[in-house]
Amino acid sequence: MSVAQERAQRLAALPFERIGRPVSGGGGGFIAGMKEIAAHRELLGLLVRRELKQRYKDSALGFLWSLIRPLTMLLIYYVAIGQFLGAARGIPQFAIFVFAGLTLWGLYSEIITAGTTSIVSNAGLIKKVYLPREIFPLASVGSALFNFGVQMIVLVGATVVLGQFPLSWNLLYVPAATLIILIYGLALAILLSALNVYLRDVQYLVEVALLIFFWASPIVYSWSFVLEAAERSDLPWLGDVYIASPISTAILAFQKGIWAAGSQDVVMGTNEQTGEPIIAAAQPWPADLDLRLLLMGLIGILLLAIAQRVFSRLQGNFAQEI
Amino acid sequence: MTTASVEAPVVVRAQGVSKRFVIRKEKSLKERIVNFGRSNLHKEDFWALRDVTLDIEAGTTIGLVGANGSGKSTLLKVIGGIIQANEGTLERRGRMAALLELGAGFHPDLTGRENVFLNAAILGLSQKQTEQYFDSIVDFSEIRDFIDTQVKFYSSGMYVRLAFAIAVHVDPDILLVDEVLAVGDEPFQRKCMAKIEEFQREGRTIIFVSHSAEQIQSLCDRVVVLSHGKVVYDGPTDEGIDALRASFEGR
């Protein structure tokens, strides 16, 4: 039998595939989408590598830059907020505290900024080849995770050097918090990347929104400051509103996991007149943190499914709209 | 080039496929607000494809021809799943590779070798298969000396050679081609054509868009002539070329 006849026979046995995803909703579409991505996981790996390579192309220090930026930010916040504004007086091991927050925030903001522009910046591919398009925001998540990993090594290294390695069950909060950030980051990246195709303002809006959320999260100041401010201003519900943000909760959980000094009373020095030790009390943590994380994780997964459905609906016209 | 003994199975089936384009003329938020309510004035609506129905059997080489803007590239993209039709259904079976633009997935900062792996993955090869074909791809492209150079330093000839070499190694059942059959210098063009003929002998389906009547005549055994998004002729090549000329005069 000739090659051609064999091929014809094989093809005759294959079922027909409908091209173009069904636009109507339903959970089946979500699962089908996930399956398609799984089939392309090798390509996803290559795209992540491409993204990392192109970022530091032709630079002498290469990926060290992904460390220099957060370390510089750490230095700035340590000096300006910690020492000049005095936040470090009430927060023991201030450097670990700030770097923990910056590391997790860095993951979130990188997923969202890179994810939002991921479809538009891959226009060349999207116009010419069919791929499951969710792969592009996913690749942004991959490269953000790589940078996060590098920073995590530095963070854990620092806790060991400073004798602060958090050897306790609290350490489990670290993966849980990271997971929450990944779910919300991915959901937003998928949604915003699709919207950005139709309205380029989205990418600028995202920059501004991230700036606001950075300062609305307990990264460079601690949760106790927020509680005190809420008490002073007679607005006790302010703390509840603040903690309703999944990002704030995730960052708090992350700090609880990695920043051991926050969970104990720490001697910060001695009072010069009386000779009594000045003690920073253990940080307050939100009540029911575990339950909150679980709930937020579930809501996040729901949001992710909705984001994927919206994406799926919009992606049919990507090739002509970009 | 259909096979004699086995009935050739249908690999692409389009039924009543229509595609409408809506082109808005403004993009920024400010302009949208300013033009709010009048936004319909800034929309252009036209049908790039109108009720296209056709079956393509395995092993045929089919040419989609027509004047500029007749919808042939759109039809190719709908078959490739790159854009979705508004109406009608499109069904397909077998592995498909689209050559709509050579080197669409190339990244200028990566080396030739890295781009081979990336582009092959985009076209649907696994890492393992690419490793298997790697030497053959490089040999076909004849640029072994430059394979570890970033592709931004490639000449345009080297670029298309590598891209074409990858594309023909993907082992597709259906190959979609948009005007990129003959690239590079003359010896390489001959090599490309020889590869296409080999594909035909192996019973692969080739769907291609071209403006070159000569190419269509030498390669295709079926021609579909489109005009204003509608199929105006579907049949053997020679009459197809006549129908194409007629559609030029008729517009």
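How many aromatic pairs does a search of the whole structure find over all chains? The search turns up 19, where a pair is two rings of Phe, Tyr or Trp (its six-membered ring) with centres within 6.5 Å, called stacked if the planes are under 30 degrees apart, edge-to-face if over 60 and tilted for the rest.

Take A:Phe97 and A:Trp259: they make a tilted pair, 4.7 Å centre to centre with 55 degrees between the planes. A:Phe97 belongs to helix H5 (residues 94–121) of chain A, while A:Trp259 is in the loop between helix H12 (246–258) and strand S2 (266–270), so this pair links parts of the chain 162 residues apart; helices (H or I, at least four residues) and strands (E, at least two) are DSSP runs, numbered from the N terminus. Both A:Phe97 and A:Trp259 are buried, meaning under 20% relative accessible area (exposed is over 50%, partly exposed in between; 1.4 Å probe, protein chains only).

A quick word on ground rules: this is a predicted model, with local features needing pLDDT of at least 70 and side-chain atom pairs pLDDT 80 or more, while totals for chains, interfaces and linings use all residues. Residues are numbered from 1 along each chain, chains are lettered from A and ligands numbered from 1, as written, and side-chain values use heavy atoms, without hydrogens and water.

Over to chain B, and charges over rings (NZ of Lys or CZ of Arg within 6 Å of the ring centre and within 35 degrees of the ring normal). B:Arg50 lies over the face of B:Trp47, 4.0 Å from the ring centre. For B:Lys191, the charged end is over the ring of B:Phe140, at 4.8 Å from the centre.
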